[in-house]
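Please look through the sequence and the model below before reading on. The explanation then goes from the whole chain to single residues.

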Amino acid sequence: MGAIETNNKLIVREYIEKVLNAGDVSLADQYISPDYTKVYNNHRFKVGIEGAKEHITGVRKTYPDINLTISQQICEGE
């Protein structure tokens with residue numbers, strides 16, 4: 001595995017630990033594109049960073065003790 005793949009894995013781990021698990025949505029713009037799009041019922045909705053923050057906040061309100069764990073990671077290229 002090359003440096004790019006290793007770095008990409010670290011970025012995903014940081015996002016999960018700092019933003020999702022810790023709930024620090026102020027860091028979301030470091031990990032999420034302004035063009036962030038979510039898919040619901042096979043329809044795409046461009047919600048951007050603010051929409052992603054709202055989603056994360058809503059999930060954490062519903063599941064305040066949420067703690068995601070990566071047990072395996074696969075990364076191929078970029």
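What follows is a walk through a predicted model, from the overall layout to a few side chains.

Start with the elements. The protein chain contains 2 helices and 2 strands. Read from the N terminus, their order is α-β-β-α, so the two strands come between the two helices along the sequence. Helix α1 covers residues 3–21, and strand β1 covers residues 37–40. Strand β2 takes in residues 43–46, and helix α2 spans residues 48–62.

Now consider the chain as a whole. A box of roughly 35 × 30 × 25 Å, taken along the principal axes, holds its C-alpha atoms. There are 78 residues in the protein chain, and 18% of them are buried. The accessible surface is about 6000 Å², and carbon and sulfur atoms account for 50% of it. If we take the contacts between residues at least 6 apart in sequence, 49% of them join residues at least 24 apart. As for charge, the chain carries 9 positive and 11 negative side chains, and the centres of these two sets are 5 Å apart.

The strands are the next stop. How do β1 and β2 pair, in the parallel or the antiparallel sense? Their pairing is antiparallel, with 4 bridges. One of the residues involved is K38, whose bridge partner in β2 is F45. Together the two strands form a hairpin, with 2 residues between them.

The loop between β1 and β2 is where N41 is found, and N42 has its place there as well. N41 is not a glycine, yet its phi is positive, at about 55 degrees. N42 is not a glycine either, and its phi is also positive, at about 65 degrees. N41 has a relative accessibility of 58%, so it counts as exposed. N42 is exposed too, because its relative accessible area is 77% and the cut-off for exposed is over 50%.

Two of the charged pairs deserve a closer look. The count of salt bridges in the model comes to 2. In one of them, K46 is joined to D35, and the closest N and O atoms are 3.3 Å apart. This pair links distant parts of the chain: K46 belongs to strand β2, while D35 is in the loop between α1 and β1, 11 residues apart. K46 counts as exposed because its relative accessibility is 61%. D35 has a relative accessibility of 48%, so it counts as partly exposed.

The other salt bridge joins the side chains of K53 and E50, at 3.5 Å from N to O. Here both residues lie in helix α2, 3 residues apart, which is about one turn of the helix. Is K53 buried or exposed? K53 is buried, because its relative accessible area is 18% and buried means under 20%.

K53 also leads to V25, a residue of the loop between α1 and β1. Leaving out residues up to four places away in sequence, V25 touches V19, K53, I56 and T57. With a relative accessible area of 21%, V25 is partly exposed. V25 and D35 are 10 residues apart in sequence, and their C-alpha atoms are 17 Å apart in space.

Definitions and conventions
Residues are numbered from 1 along each chain as its sequence is written. This is a predicted model: local features need pLDDT of at least 70, side-chain atom pairs count only at pLDDT 80 or more; totals for chains, interfaces and linings use all residues. Side-chain values use heavy atoms; hydrogens and water are left out. Buried means under 20% relative accessible area, exposed over 50%, partly exposed in between (1.4 Å probe, protein chains only). Contact means heavy atoms within 4.5 Å. Accessible areas come from the Shrake-Rupley method with a 1.4 Å probe; for residues, only the protein chains shown count as cover. Lys and Arg count as positive and Asp and Glu as negative; His and the chain ends are not counted. The place of a charge is taken as NZ of Lys, CZ of Arg, CG of Asp or CD of Glu. A salt bridge is a side-chain nitrogen of Lys or Arg within 4 Å of a carboxyl oxygen of Asp or Glu. Two strands pair if DSSP finds at least two bridges between them.
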